[in-house]
Amino acid sequence: TGVQSGALPIDGEGNTNGDPTDDPTVQPLDQVPAIQLYKTIATITDVNGNTITDAGDTIEYLFTVTNTGNVPVTGVTVSDAKIGLLNQAITPADLLPTESGTYTGLYTVTAEDVALGYIENTATATGTDSNGDPVSDTSDAGDDLVETVDGEGNTNDDPTDDPTVQPLDQEPELQLYKTIATITTSEEHTTELHTLTKREIQ
C-alpha cells in the first residue's frame, strides 16, 4: 500500500479508523478566498439646479462586492469613512464564488470639497471565508486592469486599488458693492443746511 509500518493513512479531516486496509483516497484542493470591491459613482443630483457640481449637490455611490475566490464568503460588509459607512451589510451578504452583492450610499458635497476641487476616497469590504478566516479588499474605481489617477494626478502602480475621484466645478467670483456709509460736512455747511431747512419750514 505504500504506507510505512505502523503508520495509518488519514482522511480529508485528518482522522483514521484504525484499519489500514480501507483508507479513502484523498486529494487536497487549493482554497483561495478572495473578494473584489468596486466603488463607482451611480448618479449625481444637481440639487440647486445651477448645472454644475458644487456644494449641496448629492452623489450616489454604488459599492459592488464580488466573490472572486473559490470558496463561499459570508457576512460581507463595506466601510467608507467619507460617507459615514461602518460595516454596512451588502445585499446579499453571503456570496458563493462568482456571486456579487451591492450597496448604495449617498454623500452631500460640501464647501470644503469644492475648495479642494474634487472628492476622493476609498472603501473597504470584509467578510469571512468557509474556514472562519477574514477576507478583505480595498476598493478600486471600477477596473482592476486600468491604473487611474487620484485627485492630484498621481498613481501608485497598483491598478487594483485606485481611489474613486469626482472632480468638482470651481467658479471663483467676487462681487464688490460700493456704498456711502456717512457724509461729513464742515460746520459752516452744516449751519447753512440748518438755516435753509428752517427757512423752508417757515
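Visitor: Leaving aside its neighbours within four places in sequence, which residues is Val78 in contact with?
Guide: Bear in mind that this is a predicted model. Val78 is listed with the residues that have the most contacts inside the largest nonpolar core. Skipping neighbours within four places in sequence, Val78 is in contact with Leu37, Phe63, Val65, Leu85, Leu86, Asn87, Gln88, Ile90, Tyr103, Thr124 and Ala125.

Visitor: And which strand gives the most to that core?
Guide: The largest nonpolar core has 21 residues. Strands β1 (35–45), β2 (58–67) and β3 (73–80) each put at least two residues into this core. The top contributor, with four residues, is β2.

Visitor: How is the chain laid out, and what pattern does it follow along the sequence?
Guide: There are two helices and nine strands to place. Reading along the sequence, you get β-β-β-β-β-α-β-β-β-β-α.

Visitor: Which residue forms a salt bridge with Asp80?
Guide: Asp80 sits in strand β3 and its partner in strand β1, so the pair ties together parts that are 41 residues apart in sequence. Asp80 is buried, and so is the partner. With the closest N and O atoms 2.6 Å apart, that partner is Lys39.

Visitor: What about Lys82: how far apart are the closest N and O atoms in its salt bridge with Asp113?
Guide: Lys82 lies in the loop between β3 and β4 (85–89) and Asp113 in helix α1 (residues 111–116), so this pair links parts 31 residues apart in sequence. The closest N and O atoms of Lys82 and Asp113 are separated by 3.2 Å.

Visitor: Is Asp113 buried or exposed?
Guide: Start with its partner: Lys82 has a relative accessible area of 32%, so Lys82 counts as partly exposed. The cut-off for buried is under 20%. Asp113 has a relative accessible area of 5%, which means Asp113 is buried.

Visitor: Zooming out, what share of the 202 residues in the chain is buried?
Guide: On the surface side, the chain exposes about 13,400 Å², with carbon and sulfur atoms supplying 51% of that area. As for buried residues, they make up 26% of the 202 in the chain.

Visitor: Where does pLDDT stay under 50 with zero contacts beyond four places in sequence?
Guide: Overall, the mean pLDDT is 85, and 85% of the residues reach 70 or more. Residues 1–5 stay under 50, but the model has two contacts beyond four places in sequence for them. The stretch under 50 with zero such contacts is residues 196–202.

Technical notes: Residues are numbered from 1 along each chain as its sequence is written. This is a predicted model: local features need pLDDT of at least 70, side-chain atom pairs count only at pLDDT 80 or more; totals for chains, interfaces and linings use all residues. Side-chain values use heavy atoms; hydrogens and water are left out. Buried means under 20% relative accessible area, exposed over 50%, partly exposed in between (1.4 Å probe, protein chains only). Accessible areas come from the Shrake-Rupley method with a 1.4 Å probe; for residues, only the protein chains shown count as cover. pLDDT is the predictor's confidence in each residue, from 0 to 100. Contact means heavy atoms within 4.5 Å. A nonpolar core is a set of buried Ala, Val, Leu, Ile, Met, Phe, Trp, Tyr and Cys residues joined through side-chain atoms within 4.5 Å. A salt bridge is a side-chain nitrogen of Lys or Arg within 4 Å of a carboxyl oxygen of Asp or Glu.
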